[in-house]
Amino acid sequence: HRPTEYDAWDAIDLGALLGEVLPWPLHADNDAASAALGEVHLGDGIALPSFFYLLISAGLGGGLAIDRSYVRGADSRGGEIWAMPDPERGDGANVQDTVSLSALYARLEAEGHDVGAPDALLGSSPDRVAVILNWLDDAADALVQPLIAVNCLINPAAILIGGRLPGKLVDGLVERLNARMTGLQLPAVAPVRRAGAADDASAIGAAIIPFLDHILPSESILMQAGR
């Protein structure tokens, strides 16, 4: 569901494109990292210094914050939860193939329903609602094993869900995930919650990165400076 014209941006160096006309340092980051940073500074990260962020938009992203610092990993590829296998499907699919707005849109289209904007998912016909509820169940099932790994390897204080998925659907997914994680024999199970800045965390994080560079510099911010 991404316009094919977007592929043109893959080969564009934004630093080279904008560097000569903007007199300021340039920063680039992915949407999940930006969302986690936004949550750290202007969302639930104020009360939860360590959390794992799930960003559900056209795709699925993840981000890890520990002690209010974003953790990127050795190759800046930490949090790539989308690439984990989906054991519920068994067809070589990864989690993103089920848990994403693109996957939900594909199901709606397969059943003959118009997609529309994310907010249009609400207030639907009974048949359309049934497709959405089935997707919520499948999305929760697909996320159980990845969240077991997150809990066992990272032990976050919470798992936060944000992105472009409408709030009521986020709440439905949160409810299903908490129910599925309850009773598992794990050393610790972090509660799943709707992120405080759920809808706008990516934009907030992107906007705050330059300020963090100058006011609260850290390795996780400075390494993303374009020049």
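# Reading a five-strand sheet and its surroundings

Modeller: Strands β1 and β2 form a hairpin, with three residues between them. The model is a predicted one.

Colleague: In which sense do β1 and β2 pair, and over how many bridges?

Modeller: Strand β1 covers residues 51-56 and strand β2 covers residues 60-66; their pairing is antiparallel and runs over six bridges. To see it residue by residue, take Phe51, whose bridge partner in β2 is Ala65. Further along, Leu54 stands opposite Gly62 of β2.

Colleague: Which strand pairs with β1 in the parallel sense?

Modeller: That strand is β4, which pairs with β1 in the parallel sense over six bridges. Phe51 appears here too, since it stands opposite Ala158 in β4.

Colleague: What is the order of the strands in the whole sheet?

Modeller: The order is β3-β2-β1-β4-β5, an open sheet of five strands with mixed pairing. The edges are held by β3 (69-71) and β5 (192-194); each has a single partner strand, so one side of each lacks a neighbour in the sheet. From one strand to the next, the twist averages 30°.

Colleague: Which helix packs on this sheet, and which strands does it touch?

Modeller: Helix α4 packs on the sheet and touches β1, β2, β4 (158-163) and β5. The direction of α4 makes about 155° with that of β1.

Colleague: How should I read the side chains of a strand?

Modeller: In a regular strand, side chains alternate between the two faces of the sheet. In β1, Phe51, Tyr53 and Leu55 point one way, while Phe52, Leu54 and Ile56 point the other way.

Colleague: Are these residues of β1 buried or exposed?

Modeller: All of them are buried. Because six of the six residues of β1 are buried, the strand is largely enclosed by the rest of the structure.

Colleague: Val192 is in an edge strand, β5. Is Val192 buried or exposed?

Modeller: Buried means under 20% relative accessible area. Val192 has 3% relative accessibility, so it counts as buried. Leaving out residues up to four places away in sequence, Val192 touches Leu147, Ile159, Ile161, Val174, Leu177 and Asn178. As for distance along the chain, Val192 and Ala157 are 35 residues apart, and their C-alpha atoms are separated by 9.5 Å.

Colleague: How do I read a helix in the same spirit?

Modeller: An α-helix has 3.6 residues a turn, so residues three or four places apart point the same way. In helix α3 (residues 101-110), the buried residues include Leu101, Leu104 and Leu108. Ala103 and Tyr105 are buried as well.

Colleague: What do the buried residues of α3 pack against?

Modeller: They pack against β1, α4 and α5 (167-181). Just after α3, Gly112 takes a positive phi of about 85°.

Colleague: Now the second largest pocket. Which residues lie nearest its centre?

Modeller: Phe52, Gly79, Met84, Val150 and Ile154 lie nearest the centre, among the 14 residues that line this pocket. The volume of the second largest pocket is about 180 Å³.

Colleague: Which element gives the largest share of that lining, and what kinds of residue make up the lining?

Modeller: Helix α4 (residues 126-154) gives the largest share, five residues. By kind, the lining of the second largest pocket has 10 nonpolar residues, three polar and one charged.

Notes. Residues numbered from 1 in each chain as written. Predicted model: local features only at pLDDT ≥ 70, side-chain atom pairs only at ≥ 80, totals over all residues. Heavy atoms only, no water. 1 Å grid on protein atoms, 1.4 Å probe; cavity = no way out; pocket = protein on both sides within 12 Å on 5 of 7 lines; lining within 4 Å. Points joined across faces, edges and corners; volume = space filled by probe spheres on them. Helix = DSSP H or I, 4+ residues; strand = E, 2+ residues; numbered from the N terminus. Nonpolar A, V, L, I, M, F, W, Y, C, P; charged D, E, K, R; others polar. Pairing = 2+ DSSP bridges. Axes fitted to C-alpha atoms, helices over the stretch in contact; angles between N-to-C directions. Contact = heavy atoms within 4.5 Å. Buried < 20%, exposed > 50% of the residue type's maximum accessible area, 1.4 Å probe, protein only.
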